[in-house]
Amino acid sequence: MRSLLLSLNNSAINSFEDKRPSIGEAAEFFALASALKTVVIIDALVLNITKVRAGTFFGKGKVIELQAHIKSQNIKLVLIDTSLSPMQ
């Protein structure tokens, strides 16, 4: 399945998870996703997030940007290296 990996690097999550993702953690996330037989990684991004939005996690502009990227690359699965609620 064509997939996009998102790692988050921000101060807003620091208070949420008490740490920033390091290069090693992003690499581990990539390796874990690569181990899934059905996942074909098309792209991997590290996003700088300054504020966590309750409903979408990302702001409107980032959602629009990601939506365009997902459509243009025909991505079917987005894996995000953080804790999300079902609503997000």
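A residue counts as buried here when its relative accessible area is under 20%. Keep that cut-off in mind for this tour, and remember that you are looking at a predicted model.

**Stop 1: Ser-3**

Select Ser-3, which you'll find in strand β1. Its relative accessible area is 0%, so Ser-3 is buried. Show the side chain and look for a polar atom on it: the backbone oxygen of Met-1 is 2.9 Å away from that atom. Now bring up the surroundings. Setting aside residues up to four places away in sequence, Ser-3 touches Val-39, Val-40, Ile-41, Ile-42, Asp-43, Ile-75 and Leu-77. Hold on to Asp-43, since we come back to it later.

**Stop 2: the whole of β1**

Widen the selection to residues 2-9, which make up strand β1. Is this strand enclosed or not? Six of its eight residues are buried, so β1 is largely enclosed by the rest of the structure.

Slide along to Ser-7, another residue of β1. Ser-7 has a relative accessibility of 6%, so it counts as buried too. Once you ignore neighbours within four places in sequence, the contacts of Ser-7 are Ala-26, Phe-29, Leu-45, Val-46, Leu-47 and Asp-81.

**Stop 3: the partners of β1**

Add residues 40-48, strand β2, to your view: β1 and β2 pair in the parallel sense, over eight bridges. Two spots are worth labelling. Leu-5 has Ala-44 as its bridge partner in β2, and Leu-6 has Leu-45 there.

Next add residues 77-80, strand β3, which pairs with β1 in the parallel sense over four bridges. Label Leu-4 here, and opposite it you'll see Val-78 of β3.

**Stop 4: the sheet as a whole**

Show the three strands together. In which order do they sit? The open sheet runs β2-β1-β3, with parallel pairing. β2 and β3 are at the edges with a single partner strand each, so each of them has one side without a neighbour in the sheet. Turn the view a little to look at the twist: on average, and ignoring direction, neighbouring strands of this sheet are turned by 20 degrees against each other.

**Stop 5: helices on the sheet**

Select residues 23-34 to get helix α2, which lies across β1, β2 and β3. Compare directions with β1 and you'll find α2 running at about 160 degrees to that strand.

Then take residues 60-72, helix α3, which also packs on the sheet and touches β1, β2 and β3. The direction of α3 makes about 165 degrees with that of β2. If you draw a distance from the first C-alpha of α3 to its last, you get 18 Å for 13 residues, close to the 18 Å expected at 1.5 Å a residue. Just after the end of α3, click on Asn-74, which takes a positive phi of about 55 degrees.

**Stop 6: Asp-43 and His-69**

Back to Asp-43, in strand β2. Is Asp-43 buried or partly exposed? Its relative accessibility is 23%, so Asp-43 counts as partly exposed. Apart from residues up to four places away in sequence, it touches Ser-3, Leu-4, Leu-5 and His-69.

Zoom in on His-69. The side chains of Asp-43 and His-69 make a polar contact at 2.9 Å. Along the sequence the two are 26 residues apart, while their C-alpha atoms are 9.7 Å apart in space.

**Stop 7: two rings**

How many aromatic pairs does a search of the whole structure find? The search finds one. Select Phe-57 and Phe-58 to see the pair: the ring centres are 5.3 Å apart and the planes stand at 85 degrees, so the arrangement is edge-to-face. Both Phe-57 and Phe-58 are buried.

**Last stop: zoom out**

Show the full chain as a cartoon and trace it from the start. There are three helices and three strands, and they follow the pattern β-α-α-β-α-β along the sequence. Across the 88 residues of the chain, 23% count as buried. For one last look at how the chain folds back on itself, take the contacts between residues at least 6 apart in sequence: 78% of these join residues at least 24 apart.

Conventions: Residues numbered from 1 in each chain as written. Predicted model: local features only at pLDDT ≥ 70, side-chain atom pairs only at ≥ 80, totals over all residues. Heavy atoms only, no water. Buried < 20%, exposed > 50% of the residue type's maximum accessible area, 1.4 Å probe, protein only. Helix = DSSP H or I, 4+ residues; strand = E, 2+ residues; numbered from the N terminus. Pairing = 2+ DSSP bridges. Phe/Tyr/Trp six-rings, centres within 6.5 Å; stacked < 30°, edge-to-face > 60°. Polar contact = N/O pair within 3.5 Å; in protein donor to acceptor, adjacent residues only side chain to side chain. Contact = heavy atoms within 4.5 Å. Axes fitted to C-alpha atoms, helices over the stretch in contact; angles between N-to-C directions. Expected span 1.5 Å × (residues − 1).
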